[in-house]
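Please look over the sequence and the fold before reading on. The paragraphs below go through a helix, a set of charged pairs and a group of aromatic rings.

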Amino acid sequence: MIVIVWEFRVRPGRTAGFERAYGPNGDWARLFQSGDGYLGSELIRDREDPDRYLTLDRWASLAAFAAFEARHGAEYRALDAVCEPLCSDERRVGSFEIP
């Protein structure tokens with residue numbers, strides 16, 4: 001199993017919309033569910049910096065995520081464009097293996 005970690009900075013006044021879109025039952029999780037090998041997502045908030053969040057997206061393998069991207073790239077880009085106004089910054093932290 002792998003976990004893909006993203007870091008986000010949420011724009012002021014956009015917290016509720018961000019949490020709806022990126023939460024474990026949100027827009028991104030629903031899109032990911034259309035891919036084989038998707039195992040779930042978590043959204044965590046920094047206690048010391050409440051505008052900073054991480055998402056933890058679990059996949060059976062990097063190949064499963066790559067297959068999802070290949071099949072659903074257009075939907076991914078469209079949702080990313082819709083969610084872009086929610087964040088002032090986003091970056092992919094990395095892909096981590098669960099030993």
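Are Trp 28 and Tyr 76 buried or exposed? Both Trp 28 and Tyr 76 are buried, where buried means under 20% relative accessible area, exposed over 50% and partly exposed in between, computed with a 1.4 Å probe on protein chains only. The model is a predicted one, in which local features need pLDDT of at least 70 and side-chain atom pairs count only at pLDDT 80 or more, while totals for chains, interfaces and linings use all residues. Residues are numbered from 1 along each chain as its sequence is written, and side-chain values use heavy atoms, with hydrogens and water left out.

A good place to begin is helix α3, which covers residues 62–83; helices (H or I, at least four residues) and strands (E, at least two) are DSSP runs, numbered from the N terminus. Although α3 has 22 residues, its end C-alpha atoms are only 24 Å apart, short of the 32 Å that a straight helix would reach at 1.5 Å a residue, the expected span being 1.5 Å times one less than the number of residues. The helix α3 bends by about 85° at His 72, the bend being the angle between axes fitted to the seven residues ending there and the seven starting there.

His 72 itself, placed in helix α3, counts as buried at 12% relative accessibility. A polar atom of the His 72 side chain lies 3.4 Å from the backbone oxygen of Ser 34, and the C-alpha atoms of His 72 and Leu 31, which are 41 residues apart along the chain, are separated by 8.5 Å. Besides His 72, the buried residues of α3 include Ala 64, Phe 65, Phe 68, Gly 73, Tyr 76, Leu 79 and Cys 83. What covers the buried residues of this helix includes the strands β1 (2–10), β3 (52–59) and β4 (87–97), together with the helices α1 (15–22) and α2 (27–32), where contact means heavy atoms within 4.5 Å.

The strands also carry charged pairs. The structure holds 7 salt bridges, each defined as a side-chain nitrogen of Lys or Arg within 4 Å of a carboxyl oxygen of Asp or Glu. In one of them Arg 52 pairs with Glu 7, with the closest N and O atoms 2.5 Å apart; because Arg 52 lies in strand β3 and Glu 7 in strand β1, this pair ties together parts that are 45 residues apart in sequence. Glu 7 also forms a salt bridge with Arg 91, where the closest N and O atoms are 2.7 Å apart, and since Arg 91 belongs to strand β4 and Glu 7 to strand β1, the parts tied together here are 84 residues apart in sequence. Asp 46 and Arg 52 meet through their side chains in a further salt bridge, at 2.8 Å from N to O, and Glu 7, Asp 46, Arg 52 and Arg 91 are thus linked in a network of salt bridges. Within this network, Glu 7 counts as buried at 13% relative accessibility, whereas Arg 52 is partly exposed at 27%, as are Arg 91 at 43% and Asp 46 at 23%.Aromatic rings form the last part of the picture. A search of the whole structure finds 16 aromatic pairs, meaning rings of Phe, Tyr and Trp (its six-membered ring) whose centres lie within 6.5 Å, with planes under 30 degrees apart counted as stacked, over 60 as edge-to-face and the rest as tilted. The rings of Phe 18 and Tyr 53 have centres 4.8 Å apart and planes at 50°, so the pair is tilted. The rings of Trp 28 and Tyr 76 have centres 4.9 Å apart and planes at 65°, so that pair is edge-to-face, and it links helix α2 with helix α3, 48 residues apart.

Notes. Polar contact = N/O pair within 3.5 Å; in protein donor to acceptor, adjacent residues only side chain to side chain.
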